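Open your viewer, colour by chain, and keep the selection box handy. We will walk through a few selections one after another.

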Amino acid sequence: MTDKTTGLFSDYIAGRISRRELMTRAGKLGLGAAAIGTMLGGAQTRAMAANFDWQKEKGKAIKLLLNKHPYTNSLLMQIENFKALTGLAVTWDIFPEDVYFDKVTTALSSKSTGYDAFMTGAYQTWQYGPAGWLVDLNEFIKDPAATSPDWNVGDILPGLLHSDAWSGVPGEPLGGPNAKQWALPWGFELNSIAYNKRMFDQAKIEPPKNLPDLIEKAVKVQTDVKGIYGVGVRGSRSWATIHPGYLSGLTSYGGADFTVENGKLKSAVNSPQCKAFTKLWVDMIQKAGPKNWTNYTWYEVGSDLGAGTSAMIFDADILGFFQQSGDTKEKGNIGFEGFAANPDKKEPTPNVWIWSLAINAASNNKSAAWLFLQWAAATQQCLFAATKADLVDPVRQSVWDDKGFQTRLNDKFAGYLEQYKASAPGSKIYFTPQPLFFNLTTDWAASLQKMYAKEVGVDEGLDQLAENVMKQLTDAGIAQ
Amino acid sequence: MNGKSVLRAVALTLIGLFFLFPLFWVVLMSFMTNADILRNPPSPFFSPTFHNYVALVSGQLVTTVGTQKIDYMLNLFNSTVLSAFSVILSLILGVPAAYAFARYKFRLGEDMAFTLLSFRFAPPLLVLLPLLLYFQSIGLYDTYIGLIWVYQLITLPLVLWIVRGYFEDVSEDIELAYRLDGHSWLSTFFRISIPLARPGIAAAALLSFIFAWNNFIFALILGSSSVQPVTVGALAFVTASGIEYGQIAAALVFSIVPTLVLAMFTQRYLVEGLSLGAIKG
Amino acid sequence: MSTSGVAGVNARPVPRRHGARMAGVLPYLLSMPALLACVGILIPFINAVYYSLQRYNLAFPTTRKFIWFGNYVSLLSDAGFWHTILVSMTYTILTVGLELLLGLGIAMLLWRRTLVTNLLSVALILPLMVAPAIASLMWKLMTNANFGILSYFVSLLGFHDFKWASAPQTAMFTVVLVDMWVYTPFITILLLAGLRGLPRQPFEAAELDGVPATFVFFRIMLPMLFPYILTAGLFRMLDSIQQFDIIYAMTQGGPGDTLMVFQIQAYTQAFIFTNIGRASAILVILWAITYALSNVFVKNWLRLRERARGRA
């Protein structure tokens with residue numbers, strides 16, 4: 001890179017020139033858009049190096065365990081900058097999601113030193129943290145020698161940071177006084193409706209307002225538009241089926257996974273509210289869901305929306321975002337809408353999924369791994385990844401406030417920002433933290449599959465599930 | 001008479017179709033673009049493309065979300081390495097042992113032979129689960145050596161039982177004559193016994209290779225990305241916004257071609273191999 | 001060791017003492033590596049039994065302790081486990097039964113050696129050589145509800161929206177079909193070899209005497225073929241009851257609990273729920289079943305081998 005270009009990017013970062021000016025002048029110097037993007041990232045990384053010694057762990061090597069996900073792509077796009085910044089050698093393994101968490105569980109539980117840092121969700125830390133497999137990141141965040149003063153932990157949306165912290169005691173809330181910071185938020189998702197505007201126009205319908213309305217409209221659109229099905233939701237026999245649309249809708253109807261009585265957990269999956277909601281949910285899938293719903297992961301749900309096989313999805317907002325941004329058939333046709341399932345409620349209550357980064361407690365390179373976490377969640381990196389790649393929803397307030405990011409959203413993703421603003425106030429993790437998260441949600445998904453196939457009635461299925469849940473909790477010694 | 005022939009012909013055709021159609025269709029799909037595959041109703045008329053194979057070989061998966069690397073060629077390499085070395089190791093361990101079992105009746109031998117045979121039928125996870133826990137502590141997890149060692153569970157019993165049968169058929173007289181001519185036991189073994197049992201050794205080697213190649217659960221549990229063979233690697237073909245079915249089909253074709261080709265060579269020995277020598281082809 | 005006439009009168013005498021000592025040590029020397037392999041397998045096996053007697057969950061390291069038969073009692077009183085037994089038995093009976101029937105039928109069709117049957121015999125080897133996990137993926141692609149070629153054919157026959165492996169009612173059917181595709185050739189090949197090895201006289205005599213075909217089939221052929229059928233059947237049974245690859249690649253045990261056979265259940269317990277104790281107990285129970293079955297198998301197989309040896 002020449003001095004002219006270097007100077008140009010530094011000016012931009014220092015705020016001396018606007019983005020538009022940067023693009024124009026860089027273009028005049030013969031740089032294409034992609035090159036500008038990469039160099040901008042590099043410049044931002046160099047700027048970060050100003051106040052903090054990123055080269056502390058120079059010469060070491062770290063290995064990452066990553067999920068097959070657009071976030072991973074955004075990370076790898078800039079990984080060379082990280083290597084240059086820190087002098088670390090970085091290698092990684094990527095697995096598709098249906099085996100990803102098995103790999104993580106295996107790696108952590110065996111206390112293997114193979115992987116230093118990895119992607120995880122908040123829920124998984126409820127199992128990994130209390131088992132002693134994760135490093136409490138507070139020891140790094142609160143240590144001025146370990147964390148750059150520019151890093152600004154306060155910029156990370158507090159709700160998200162707290163959701164990744166838990167004391168490990170069932171019954172105690174997330175982010176409470178004794179909570180350990182098991183992971184660092186990196187990107188998150190709310191659950192709302194993403195729909196195909198073209199199909200909705202053809203069927204002359206507006207985005208649905210609540211669940212009964214959704215069922216009606218989904219049936220209408222699949223009748224009016226040939227060769228599609230109405231609404232896509234996940235259905236595979238896994239925890240991933242419960243946390244997006246299902247739990248968001250359930251919360252709206254006043255249901256929950258557990259109630260806490262005297263510090264003890266009691267299963268609430270068979271409450272009247274849960275039964276009422278689940279009946280509607282199963283009905284929706286039977287009437288307007290995908291044909292092999294029981295195999296559907298988020299890959300399939302998103303892919304169908306993008307390919308024009310489904311009219312809408314009630315799943316992660318970012319899923320619709322990916323379909324709109326990628327090279328899909330329905331690109332440009334996707335609309336976004338916040339969604340409150342309960343007709344009696346106005347505000348959406350989306351459950352939140354937070355992709356986070358964590359450090360293996362058995363790692364031999366914890367400080368080096370922390371450098372990686374810091375870099376990945378730093379403002380510059382988040383801003384770059386949100387504007388140039390697909391790391392949405394960004395976890396930092398400053399990124400949401402950034403004009404460039406807002407422009408990008410309003411230009412190409414009409415309705416997304418509105419959907420976010422409508423959904424954000426009611427968004428949090430509505431699961432009750434407990435270490436048997438995987439077991440219980442997997443059984444819950446299996447139960448939904450049985451109800452869908454009419455093997456068992458909804459009431460009976462949920463009663464059985466509640467009984468099964470209590471038994472498992474008792475066996476593990478964490479229930480009454 | 002005629003009715004019966006017609007019935008026979010119909011039956012044979014149906015059988016041929018049932019067993020061969022899936023193979024044919026998968027090969028067809030591997031030459032289709034994703035758009036062609038997703039077309040409903042499916043049509044056998046399409047313009048073929050090598051795009052899927054190119055993507056696999058070059059290691060680049062161009063999807064709607066960007067370009068991702070695929071390591072399928074690495075998987076093929078892993079399958080080859082794991083299967084070949086497992087077979088070689090089994091031959092080294094198994095052929096002498098098979099000779100011993102064939103020639104000498106010693107009680108420990110019968111016990112060992114039976115144990116190895118019975119473990120061929122034991123649930124693999126029973127052995128894999130504790131092995132996984134050890135391997136991680138001694139650093140053999142996700143290594144070639146670790147897996148080749150464990151693959152002996154598949155290949156060694158096969159080698160032992162097939163080759164033993166062949167050694168039992170080799171006349172002892174020839175060996176004795178050679179020995180009486182003054183040659184040592186070792187040279188008798190290498191110059192006479194092994195060449196005479198060569199068909200059996202070849203059969204055992206080819207069959208073991210095929211079974212090792214087709215194995216799934218061992219590599220799933222004791223291996224990770226660096227040693228993943230094609231059977232496990234074929235599961236990994238999903239992307240964030242667009243599942244590339246054409247590439248899955250091409251990957252499947254790649255993974256079955258080696259064994260199908262080898263099978264052509266093993267036809268003669270298949271019956272004996274599959275029945276562990278109980279039935280002579 | 002026999003001393004035949006080959007030795008002859010002019011042969012040099014074999015050094016007797018050296019030979020005798022060699023004969024003693026040699027077998028053990030030769031089979032030492034194989035013995036190590038044996039030991040190498042027995043150790044994890046014993047370990048698995050050991051784990052099955054403990055409450056051992058990787059996520060709760062502080063609660064690890066000996067509970068003797070606690071896991072077994074818990075399993076045997078768990079409806080979910082009995083469901084696993086039921087599903088595994090169903091799968092085994094269906095696959096073995098159907099494969100034996102179909103395999104026998106095909107073997108009889110291929111008995112007569114013509115160009116067609118020879119070609120078919122070769123072609124039939126191919127499905128057997130495909131890895132079961134890969135075969136399952138192939139069928140998964142073909143039965144995809146949206147674009148699968150088989151879904152299309154079946155809809156032409158009037159079954160719209162046939163759910164293949166996505167619905168509990170048809171999931172078992174689908175995986176049994178895949179299993180049949182892969183393994184029927186195995187049975188066919190064995191039975192065909194058995195058929196071709198049968199003596200011709202009884203059949204020729206029966207034809208001359210005008211004995212009805214059903215009698216020939218049931219009273220002459222089947223009894224003679226029985227040892228082969230038993231061998232093939234037991235072989236398949238031992239594999240089917242521990243089926244993992246096909247079901248894992250297709251649905252990982254779903255939908256619901258429809259295809260939760262032994263090894264899938266054990267895998268789920270061990271790798272998703274990190275409950276090593278319980279998983280080991282399931283595997284030990286499965287092993288006990290296969291051990292009993294394999295004893296029966298080996299006895300029969302040895303008898304068959306002797307017969308093959310005798311005839312050869």
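The stops below go from a contact between two chains to the domains inside them.

Before you start, keep in mind that this is a predicted model.

**Stop 1: chain A against chain C**

Select chain A and chain C together. Their contact draws on 28 residues from chain A and 25 residues from chain C. About 2400 Å² is buried between the two chains, with 51% of it on carbon and sulfur atoms. Now show Asp102(A), Arg237(A) and Lys291(A) as sticks: these residues supply 24% of the area that chain A buries against chain C, more than any other three residues.

**Stop 2: charges across the interface**

How many salt bridges does the rule find across the interface of chain A and chain C? There are two. For one of them, zoom in on Lys450(A) and Asp257(C), whose side chains meet at 3.3 Å, N to O. Five residue pairs between chain A and chain C are in polar contact, with both residues at pLDDT 80 or more.

Next, colour two helices of chain A: helix 6 (97-109) and helix 21 (437-452) each give at least two residues to the side that touches chain C. Helix 21 of chain A gives the most to that side, with eight residues. If you colour the side of chain A that touches chain C by residue class, you will find eleven nonpolar, ten polar and seven charged residues.

**Stop 3: the domains of chain A**

Hide chain C and colour chain A by its assigned domains: domain 1 (3-48), domain 2 (61-189 + 353-401) and domain 3 (191-351 + 428-476). The C-alpha centres of domain 2 and domain 3 of chain A are 27 Å apart. Where these two domains touch, 28 residues come from domain 2 of chain A and 24 residues from domain 3 of chain A.

Together, domain 2 and domain 3 of chain A bury about 2300 Å², 68% of it on carbon and sulfur atoms. Pick out Tyr123(A), Trp126(A) and Glu189(A), which supply 30% of the area that domain 2 buries against domain 3, more than any other three residues. The rule finds zero salt bridges across this interface, while five residue pairs are in polar contact, both residues at pLDDT 80 or more.

Among the elements giving two or more residues to the domain 2 side are helix 4 (70-77), helix 7 (122-128) and strand 13 (353-359) of chain A. Helix 7 of chain A gives the most, with six residues.

**Stop 4: chain B**

Finish by selecting chain B, which is assigned domain 1 (3-70) and domain 2 (73-274). The C-alpha centres of these two domains of chain B lie 31 Å apart.

Conventions
Residues numbered from 1 in each chain as written. Chains lettered and ligands numbered in written order. Predicted model: local features only at pLDDT ≥ 70, side-chain atom pairs only at ≥ 80, totals over all residues. Heavy atoms only, no water. Contact = heavy atoms within 4.5 Å. Buried area = accessible area lost by both parts, 1.4 Å probe. Salt bridge = Lys/Arg side-chain N within 4 Å of Asp/Glu carboxyl O. Polar contact = N/O pair within 3.5 Å; in protein donor to acceptor, adjacent residues only side chain to side chain. Helix = DSSP H or I, 4+ residues; strand = E, 2+ residues; numbered from the N terminus. Nonpolar A, V, L, I, M, F, W, Y, C, P; charged D, E, K, R; others polar. Domains from an automatic or database assignment.
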